[in-house]
Amino acid sequence: MKIDVVSIFPGYFDALELSLLGKARERGIIDLQVHDLRESAHDKHRTVDDTPTGGGAGMVMKPEPWGVALDGILSAAPADADPLVIFPSPAGDVFTQSMARELATESHLVFGCGRYEGIDQRVFDEYAARGRVRLVSIGDYVLNGGEVATIAMIEAIGRLVPGVVGNPESLVEESHEEDGLLEYPSFTKPATWRDRAVPQVLLSGNHAAISTWRDEQRIERTRRVRPELLPPEHRGESRGRHAAE
Ligand code: SAM
């Protein structure tokens, strides 16, 4: 997968040199390039923002540097590529695991990180008229810029790209996967830590009983924390069971 990111703070993306995504980049599974938007601003001060037309607080990102940066990235893409341009925005579609799965099948993603009050609307309109554009929110809160949102999306998408996570089975049983329930609580050794024992069933070696216990825990945890995620067949009364966590 090819990923281009445009930002005025390229240093944020150093974090993506670490861990599984860093290894995936070394192995060529993910080709991530970060572009400094200021290099596409050609005035003396490399200005990327200006006052809002019509008045109001804050500054808005100027369209010209975005045009230069995105034209450069998109014109360098192969003729048969159909890059998807994503602008992180609190006013976009909410990012979910299912969107991450969908985006993990793309061959080329371009992220445009806004700052200040955001990017001039004409940038979205221009690239939506020329190709595929999505505004995507990582949740109902406001960040200072699109960098952290982009890193969250790249991490969630990237780990679903085949070959990035060594054991693909570890992706299946996670929260928000398959049936959309939250994951069961996890334990490791020792069997007792500070008088807190691992649930006995997990030490039983009885795989059917362990699987049943984990399913019950997933339903109970989801009922307690995120009841809106429960499928209709599990929306009955809580049995008062509480996960050991
Ligand atoms: N004035 C904008 C509004 O009210 O919708 C908020 C601008 S915010 C301070 C600056 C930038 O941070 C946005 O352009 C976007 O790139 C990013 N951002 C902020 N919150 C976000 C969120 N929840 N999801 C994705 N990106 C976000």
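**Exercise 1. Phe111 and the cores**

Take Phe111 in this predicted model and list what it touches beyond its neighbours within four places in sequence. Then place Phe111 in the largest nonpolar core.

*Solution.* Start with the contacts. Leaving aside neighbours within four places in sequence, Phe111 is in contact with Ile3, Asp4, Val5, Val6, Ile86, Thr150, Met153, Ile154 and Ile157.

Next, the core. The largest nonpolar core has 31 residues, and Phe111 is up there with Phe95 and Ile157 as the ones that touch the most other members. Elements that give two or more residues to this core are β1 (2-7), α1 (19-26), β5, α3 (97-103), β6 and α5 (146-158). The top contributor is α5, with 6 residues.

Finally, look beyond that core. Apart from it lies another one, of 17 residues, with Ala41, Phe87, Val110 and Val123 among them. As background, nonpolar side chains in soluble globular proteins tend to be buried together.

**Exercise 2. An aromatic pair**

Classify the ring pair Phe87 and Phe124, and work out which parts of the chain the pair ties together.

*Solution.* The structure holds 3 aromatic pairs. For Phe87 and Phe124, the ring centres are 4.8 Å apart and the planes sit at 65°. Planes over 60 degrees apart count as edge-to-face, so that is the class for this pair.

Now map the partners. Phe87 belongs to strand β5 (residues 84-94) and Phe124 to helix α4 (residues 121-130), so the pair links parts 37 residues apart in sequence.

Are these two buried or exposed? The cut-off for buried is under 20% relative accessible area. Phe87 comes in at 0%, so buried; Phe124, at 13%, is buried too. Add Trp66 and you have one aromatic cluster of Trp66, Phe87 and Phe124.

**Exercise 3. Arg115 in its loop**

Find where Arg115 is, say how accessible it is, and name its polar partner.

*Solution.* Arg115 is in the loop between β6 (108-112) and α4. Its relative accessibility is 12%, so Arg115 counts as buried. Its side chain makes a polar contact of 3.4 Å with the side chain of Tyr12. Setting aside neighbours within four places in sequence, Arg115 has contacts that include Ile8, Phe9, Met61, Asn144 and Glu147.

**Exercise 4. The ligand's surroundings**

Which residues are closest to the ligand, and which backbone atoms do its nitrogen and oxygen atoms approach?

*Solution.* There are 18 residues around the ligand, the closest being Pro88, Ile138, Gly139, Tyr141 and Leu143. Then go through the polar atoms:

- A ligand nitrogen is 2.8 Å from a polar backbone atom of Tyr141.
- A ligand nitrogen is 3.1 Å from a polar backbone atom of Glu117.
- A ligand oxygen is 3.4 Å from a polar backbone atom of Gly145.

**Exercise 5. Helix α6 and Asp179**

Check the length of helix α6, then trace the polar contacts of Asp179.

*Solution.* Helix α6 runs over residues 207-225, which is 19 residues. At 1.5 Å a residue the expected span is 27 Å, and the end C-alpha atoms are 26 Å apart, so the two agree. At the start of α6, a side-chain oxygen of Asn206 comes within 3.2 Å of the backbone nitrogen of Ala208. Buried residues in α6 include Trp213, Gln217 and Arg218.

That Arg218 brings in Asp179: their side chains share a polar contact of 2.8 Å. Asp179 is in the loop between α5 and β8 (192-193) and, at 39% relative accessibility, counts as partly exposed. A polar side-chain atom of Asp179 also lies 3.3 Å from the backbone nitrogen of Leu181.

How values were computed:
Residues numbered from 1 in each chain as written. Predicted model: local features only at pLDDT ≥ 70, side-chain atom pairs only at ≥ 80, totals over all residues. Heavy atoms only, no water. Helix = DSSP H or I, 4+ residues; strand = E, 2+ residues; numbered from the N terminus. Expected span 1.5 Å × (residues − 1). Buried < 20%, exposed > 50% of the residue type's maximum accessible area, 1.4 Å probe, protein only. Polar contact = N/O pair within 3.5 Å; in protein donor to acceptor, adjacent residues only side chain to side chain. Phe/Tyr/Trp six-rings, centres within 6.5 Å; stacked < 30°, edge-to-face > 60°. Contact = heavy atoms within 4.5 Å. Core = buried A, V, L, I, M, F, W, Y, C linked by side-chain atoms within 4.5 Å. Near = heavy atom within 4 Å.
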